[in-house]
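Please look through the sequence and the structure shown here before reading on. The paragraphs that follow take up charged pairs, then a sheet, and then the interior and its cysteines.

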Amino acid sequence: MRTTFIGVGEAFDDNQLNTSLLVETAESSLLLDCGFTAPMGFWKAATHPLDLQAIYISHFHGDHFFGLPALLMRMKQEGRTAPLTILGQPGVEAVVRQTIELAYPGSLAKASFDLSFMECSAGQNIVLGHMCLGFALSDHPRPCLAIRVDCGDRALFYSGDGGATADTAALAAGADLIIHESFTMDADTPGHGTVDASIDFARRAGARQLALVHIERDVRKYQNDQLQQRISLSQEPHVIVPESGDSITITSREGDNFTSQV
């Protein structure tokens with residue numbers, strides 16, 4: 001299972017694209033979130049962009065789904081014919097269709113591929129191709145569903161936005177890779193994850209590797225030394241701060257189960 005960090009930035013980062021992840025296996029592909037700056041990164045990083053099977057929207061903030069009109073209209077221009085599934089919280093179909101209609105009126109009716117929608121709820125399990133998906137609510141001002149993706153004996157967890165909850169901790173337990181929103185270095189940032197909290201979360205989950213994403217832009221610019229010091233203190237899990245375009249492959253649960261490309 002290969003995860004490409006299409007983007008790792010927060011909403012208004014001037015150096016990193018919005019946090020968005022492309023998860024691929026030999027049989028299935030899923031894009032996790034698609035904010036307004038994510039489509040350009042997707043087209044650069046995806047080897048077979050028109051083969052994308054599904055898009056998951058963790059919550060309805062612009063930096064997590066406003067990129068859909070550009071992504072879908074590019075697919076239309078490129079001649080996509082295969083159907084595409086969009087997953088999200090109840091009401092996802094109405095929200096997505098309204099967003100696309102506002103951006104490009106009438107365009108969906110002329111598309112050469114069909115959209116289908118699947119509503120997701122906390123505690124639900126969904127089978128998508130060869131992937132099994134599970135969901136839990138994080139602590140965020142706008143309801144946000146963290147997601148777990150299992151494929152065979154491999155698993156990753158993506159928090160979306162928000163701090164940890166008992167439900168997200170249960171969902172993440174035993175995941176190989178945890179990708180967690182870590183907005184600040186502060187000990188308490190209501191509605192968001194922090195660097196220390198994310199490291200503790202991943203340690204408790206028993207994860208082998210943790211990727212810190214959605215870090216506030218000024219933390220990246222002015223507190224990088226402090227950030228790297230915090231990371232260096234973590235023995236387990238192994239902690240990384242990926243850049244847009246990096247990828248991680250989970251190969252198995254035996255031995256060294258990660259291959260990272262930076």
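**Charged pairs, a mixed sheet and two cores**

Across the whole structure, a search finds 11 salt bridges. The model in which they are found is a predicted one, and the pairs described here should be read with that in mind. As general background, side chains of opposite charge can pair when their charged atoms come close.

One of these salt bridges is formed by the side chains of Arg2 and Glu24, with an N to O distance of 3.7 Å. Arg2 belongs to strand E1 (residues 2-7) and Glu24 to strand E2 (residues 20-24), so this pair ties together parts that are 22 residues apart in sequence. Both partners are partly exposed: Arg2 has a relative accessible area of 28%, and Glu24 has one of 22%.

The pair of Glu93 and Arg97, whose side chains meet in a salt bridge at 3.0 Å, N to O, has another setting. These two residues lie in helix H4 (residues 92-103), and because they are four residues apart there, about one helical turn separates them. Glu93 is partly exposed, with a relative accessible area of 36%, and Arg97 is likewise partly exposed, at 34%. Elsewhere, Glu10, Glu216 and Arg217 are joined into one network by salt bridges that share partners. A further salt bridge links the side chains of Arg74 and Glu78 at 2.8 Å, N to O; here Arg74 is partly exposed with a relative accessible area of 33%, and Glu78 is partly exposed with a value of 41%.

From the charged pairs we can turn to the sheet. Seven strands make up an open sheet in the order E7-E8-E9-E10-E11-E12-E13, and their pairing is mixed. At its edges are strand E7 (125-128) and strand E13 (238-240), each of which pairs on one side only. On average, and with direction ignored, neighbouring strands of this sheet are turned by 20° against each other. In general, strands of a sheet pair through backbone hydrogen bonds, either parallel or antiparallel.

Both kinds of pairing can be followed along the strand order. Strand E8 (residues 131-137) and E9 run antiparallel and are joined by six bridges, and in this pairing Leu137 stands opposite Leu145 of E9. E9 is also antiparallel to E10, to which five bridges join it, and the bridge partner of Val149 in E10 is Leu156. The hairpin formed by E9 and E10 has two residues between the strands, and within this hairpin Gly152 takes a positive phi near 60°. Strand E10 (residues 154-158) and strand E11 (residues 177-181), by contrast, run parallel and are joined by three bridges, with Ile178 of E11 as the bridge partner of Phe157. Across E10, E11, strand E12 (209-213) and E13 lies helix H6 (residues 195-205), which runs at about 155° to E11.

Strand E9 also leads into the interior, since this strand is mostly covered, with six of its seven residues buried. It is a general tendency in soluble globular proteins that nonpolar side chains are buried together. The largest nonpolar core here has 29 residues, of which Leu30, Leu32, Tyr56, Leu87, Leu133 and Val149 touch the most other members. The strand that gives the most to this core is E9 (residues 145-151), with four residues. Apart from the largest core there is a second, separate core of 27 residues, and Leu52, Val96, Ile100 and Leu115 are included in it.

What surrounds Leu87, once its neighbours within four places in sequence are left aside? Leu87 is then in contact with Leu30, Ala54, Ile55, Tyr56, Ile57, Val92, Met118, Cys120, Ile126, Leu128 and Leu133.

The cysteines complete this view of the interior. How many disulfides does a search of the whole structure find? The search finds zero. Cys144 is in no disulfide, and the nearest cysteine sulfur, which belongs to Cys120, is 12 Å away; Cys144 is buried, with a relative accessible area of 0%. Cys151 is in no disulfide either, and in its case the nearest cysteine sulfur is that of Cys132, at 10 Å. Like Cys144, which is buried, Cys151 is buried, with a relative accessible area of 5%. For both residues, then, the distance to the nearest cysteine sulfur, 12 Å for Cys144 and 10 Å for Cys151, can be set against the limit of 2.5 Å that defines a disulfide.

Key:
Residues numbered from 1 in each chain as written. Predicted model: local features only at pLDDT ≥ 70, side-chain atom pairs only at ≥ 80, totals over all residues. Heavy atoms only, no water. Core = buried A, V, L, I, M, F, W, Y, C linked by side-chain atoms within 4.5 Å. Buried < 20%, exposed > 50% of the residue type's maximum accessible area, 1.4 Å probe, protein only. Contact = heavy atoms within 4.5 Å. Pairing = 2+ DSSP bridges. Axes fitted to C-alpha atoms, helices over the stretch in contact; angles between N-to-C directions. Salt bridge = Lys/Arg side-chain N within 4 Å of Asp/Glu carboxyl O.
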